[in-house]
Amino acid sequence: MEEKNKIVALIKVAKDEKLSLDDRQKAVNALNKIIPNYNAQLDATTGKYMENKKALDDYLNSLAKKYELEGAKDLLKEIGKEKAKLAMELKEADDAIEKDKQINASSNFVGGREGRAMDTGAATYTAHLKNNNRQVRHKDVRKVVLLRKAE
């Protein structure tokens with residue numbers, strides 16, 4: 001936007017017939033350096049400003065596309081960071097589930113009616129509850145990842 005504002009200001013100076021021809025000519029020269037094939041000039045007799053409107057429009061359109069691409073690059077960078085963060089969270093959840101599976105494989109928790117009949121201890125039951133909670137969190141993380149992919 002800064003470059004576009006500079007161009008607009010230079011065109012304003014070049015068109016302002018109240019300014020000296022020297023100042024206006026400097027503005028025209030600056031425009032001709034910035035914009036390819038612009039070839040603007042001041043009429044020697046009338047002092048009127050003559051511009052290449054098509055070259056100006058083409059250049060301003062290319063500037064707009066450039067700004068859009070830069071914005072898209074920034075957006076992609078942010079998406080990449082978010083994806084990496086989610087991948088790390090997913091790995092941590094997978095690791096926690098795997099650890100809980102190993103703990104549960106070595107425990108003798110029995111659920112249901114049989115479990116109530118057998119007193120296996122509060123610690124084993126607590127481990128079972130923690131495992132269930134981690135599995136729920138793991139499913140939530142997977143849902144978030146799948147939702148992000150769908151977007």
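The exercises below work through a predicted model, from its overall fold to selected side chains and backbone angles.

**Exercise 1. Describe the secondary structure of the protein and the order of its elements.**

Solution. Begin with the inventory, which comes to 5 helices and 2 strands. Then read along the sequence, where these elements follow the pattern α-α-β-β-α-α-α.

**Exercise 2. State what share of the residues is buried and which atoms supply 55% of the exposed area.**

Solution. Of the 151 residues in the protein, 20% are buried, a class that requires a relative accessible area under 20%. Turning to the surface, the protein exposes about 11600 Å², and carbon and sulfur atoms supply 55% of this area. To complete the overall picture, consider the contacts with a separation of 6 or more, of which 49% are between residues 24 or more positions apart.

**Exercise 3. Locate the salt bridge between Lys-26 and Asp-22, and classify the exposure of both partners.**

Solution. The search of the whole structure finds 7 salt bridges, and one of them joins the side chains of Lys-26 and Asp-22, with an N to O distance of 3.7 Å. This distance meets the criterion because a salt bridge requires the nitrogen to lie within 4 Å of the carboxyl oxygen. Both residues belong to helix α2, where they are 4 residues apart, about one turn of the helix. Lys-26 has a relative accessible area of 53% and is therefore exposed, whereas Asp-22, at 47%, counts as partly exposed.

**Exercise 4. Examine the salt bridges Asp-57 to Lys-53 and Asp-58 to Lys-54 in helix α3.**

Solution. Take first Asp-57 and Lys-53, whose side chains meet at 3.4 Å, N to O; both lie in helix α3, which covers residues 53-106, and they are 4 residues apart. Asp-57 is partly exposed at 32% relative accessibility, and Lys-53 is partly exposed at 46%. Next, the closest N and O atoms of Asp-58 and Lys-54 are 3.0 Å apart. Because Asp-58 and Lys-54 are 4 residues apart in helix α3, about one helical turn separates them. Asp-58 counts as partly exposed at 40%, while Lys-54, at 57%, counts as exposed.

**Exercise 5. Determine where Asn-37 and Asn-39 lie, and describe their phi angles.**

Solution. Asn-37 lies in the loop between α2 (21-34) and β1 (41-42), and Asn-39 is found in the loop between α2 and β1. Although Asn-37 is not a glycine, its phi is positive, at about 60°; the phi of Asn-39 is also positive, near 50°. Most residues other than glycine have a negative phi. As for accessibility, Asn-37 is exposed at 62%, and Asn-39 is exposed at 58%.

Methods:
Residues numbered from 1 in each chain as written. Predicted model: local features only at pLDDT ≥ 70, side-chain atom pairs only at ≥ 80, totals over all residues. Heavy atoms only, no water. Buried < 20%, exposed > 50% of the residue type's maximum accessible area, 1.4 Å probe, protein only. Contact = heavy atoms within 4.5 Å. Areas by Shrake-Rupley, 256 points an atom, 1.4 Å probe, with all protein chains shown as cover.
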